[in-house]
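Me: I have a structure open and would like to talk through its overall build with you. Could we take it one question at a time?

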Amino acid sequence: MSRARSDRPRGEGASLSRARMADQYRAWLRHHRLSAAESLQRVLERPFSSLMTWLVIGIALALPVGLSVTLDNAAELSARWESPTQISLFLHTDVDAAAAAELAQALERSAEVAQVHLVSRDDALAEFGALSGFAEVLAELDDNPLPNLLLVTPAPRLDQDAVRTLRDNLDKRDKVDEAVLDMQWLQRLNSLMDLGRRMVMAVGALLLVGVILILGNTIRLAIENRRDEIVIVKLVGGSNPFVRRPFLYTGLWYGVGGGLVAGLVVNAALWYLQGPVGELARLYQSGFELRGPGIMGVLNLVIIGGLLGLAGAWLAVSRHLAAIVPR
Amino acid sequence: MISFERVSKRYPEGHDALREVSFDIARDDLVFLTGHSGAGKSTLMRLIMLMDRPTRGKVVVDGRDLSTVSNRRIPGHRRQIGVVFQNHQLLFDRNVFDNVALPLVISGYDHREVGRRVRAALDKVGLLKRERAMPVTLSGGEQQRVGIARAVVGRPKILLADEPTGNLDPELSAEIMQLFESFSQVGVTVLIASHDLALISRLRHRILTLREGRLVTGGLL
Ligand SMILES: Nc1ncnc2c1ncn2[C@@H]1O[C@H](COP(=O)(O)OP(=O)(O)OP(=O)(O)O)[C@@H](O)[C@H]1O
Ligand SMILES: [Mg+2]
């Protein structure tokens, strides 16, 4: 290129090479369009085997997506759980009901506390008696052994750490014998969900690798099928990128189709579950509704599918095309 | 345009297909290459289009020593050469038009230019009416002419033809040879491998004769 320029008057050489570049760019674009159209046509020409490939990829993609949609919904559900945490303050036995009520009022004024409910020792004893069936035995007692109890609901904006700090502070108060945080179940749920998320990630990663391998194999077969054609194209001067292009597009179409199938499968499953879940939510008087991946989610699936398709095709093409040389 | 300097080619099986072959072909020459079956004619052409590399010696095409052409540059090299293959090498799932258009599509010509040039090439080999036909529905001679049309459609600098008239009757053979001659008259270097001694001796062009891989006539002294 630099030699061509020095041979000619400067301006002419530059404009010539620019015209050539523009030409080459147009030719490149033209071949992309052609490859895209031809490979799509090839894919559609064999609807049955293409559908199989789409289904395999679609299902492999739908599994991790479906699982993570389920987890998202579970997380949504646990977040909506009414009064997720509560601190039980067991007061010293020498704190009487009036003092307890006073403390309750004081606590309720604090910004960190949403609500305080006083369970007086007499109420507690009566309730305990009624529930346990030991009412007569308890009536015999001279002294009520139960302490006054304050049920403290932390302000909703507090996260778990803040709630724990609040518990520690409450525990240090004079009148408080013990502050107990009732959130172990929530922690368990959260760690279960965390575990679930990790498993979905692992399964998802495995399935993605699987998808790439499946596509790689499909493209390898396509390359085998068209071996003679590749040889001839190379004989008349087709470069490796030229030969590669239609196969990359084939991979892209398989991947995009697989992504669409995955979107359909996930949405169909959600639609299928929507009724029973709604019914359940109504029974629990909750406004909960299943949330799907939505249009953006499906679009993402299609893009991911397309990228995986390209990756698989690239794998096959880089391994098998170079090995085909005209003999 | 094409020069061989003491070129030898030994196939991995140990067979010497070419031995110390030297010759020069000028730019607008038309040269015949002849010799018994297995003499090395196809091998010689394979070296020119870089389907193979020589075991020893130097091949220079259009001023470029082919040993300096990297594998990545081979496609570009081949696009300057039109080749008629001994075994046609047609795409059997594409029609005649698409077969002939292939070199133009590879070079990135636009749609209209492709149509114009393909029809001109098909016209030259007398197959204009068969452009929509599939190769399997054509006779051996017609397939051969499709191969010829594909070789010339890109207006290459060099034309290699390996037995281009093997399946053609004498009349058609003479016509095709005339077509090749007309190319050499407009500056294309033409090298034709052929058994048909009667035909090629009538045409009064230089003849290279190979015998068991050695050049016995027409080379450099
Ligand atoms: N790919 C190959 N591997 C090994 N040996 C080969 C290969 N191609 C050709 N040969 C051998 O090299 C020799 C020359 O073959 P070539 O094809 O060049 O002959 P030819 O002159 O074209 O013959 P024909 O007129 O029959 O086409 C033959 O003996 C052949 O067996
Ligand atoms: Mg031969």
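Reply: Happy to! One term before we start: a contact here means heavy atoms within 4.5 Å. Please keep in mind that this is a predicted model.

Me: Among contacts in chain A with a separation of 6 or more, what share comes from residues 24 or more positions apart?

Reply: Take the contacts of chain A with a separation of 6 or more as the pool. Within that pool, the pairs 24 or more positions apart account for 82%.

Me: What radius of gyration does chain A have, set against a compact globule of 327 residues?

Reply: Let's begin with the box filled by the C-alpha atoms of chain A, roughly 110 × 55 × 30 Å along the principal axes. A compact globule of 327 residues would have a radius of gyration near 20 Å. Chain A, however, has 35 Å.

Me: And why does the radius of gyration of chain B agree with a compact globule?

Reply: The C-alpha trace of chain B spans about 45 × 40 × 35 Å along its principal axes. For 221 residues, the compact-globule value is near 17 Å, and chain B agrees because its radius of gyration is 17 Å.

Me: How many helices and strands does chain B have?

Reply: For context, chain A has 11 helices and 4 strands. In chain B the secondary structure comes to 7 helices and 10 strands.

Me: What percentage of the residues of chain B count as buried?

Reply: The cut-off for buried is under 20% relative accessible area. In chain A, 37% of the 327 residues count as buried. For the 221 residues of chain B, the figure is 55%.

Me: Which helix gives the most to the largest nonpolar core?

Reply: That core holds 71 residues, and those touching the most other members include Phe4(B), Phe23(B) and Leu191(B). The top contribution nevertheless comes from chain A, with 9 residues from residues 240-283, helix α10.

Me: Which residues of the second, separate core can you name?

Reply: In soluble globular proteins, nonpolar side chains tend to be buried together. Here the second core is separate and has 37 residues. Its members include Val100(B), Val152(B), Val153(B) and Ile200(B).

Me: How far apart are the mean positions of the positive and negative charges of chain B?

Reply: In chain A, with 33 positive and 34 negative charges, the two mean positions are 29 Å apart. Chain B carries 33 positive and 25 negative charges, and their mean positions are apart by 5 Å.

Terms used:
Residues numbered from 1 in each chain as written. Chains lettered and ligands numbered in written order. Predicted model: local features only at pLDDT ≥ 70, side-chain atom pairs only at ≥ 80, totals over all residues. Heavy atoms only, no water. Core = buried A, V, L, I, M, F, W, Y, C linked by side-chain atoms within 4.5 Å. Buried < 20%, exposed > 50% of the residue type's maximum accessible area, 1.4 Å probe, protein only. Helix = DSSP H or I, 4+ residues; strand = E, 2+ residues; numbered from the N terminus. Rg over C-alpha atoms; globule rule 2.2 N^0.38 Å. Lys, Arg positive; Asp, Glu negative; His and termini not counted. Charge placed at Lys NZ, Arg CZ, Asp CG, Glu CD.
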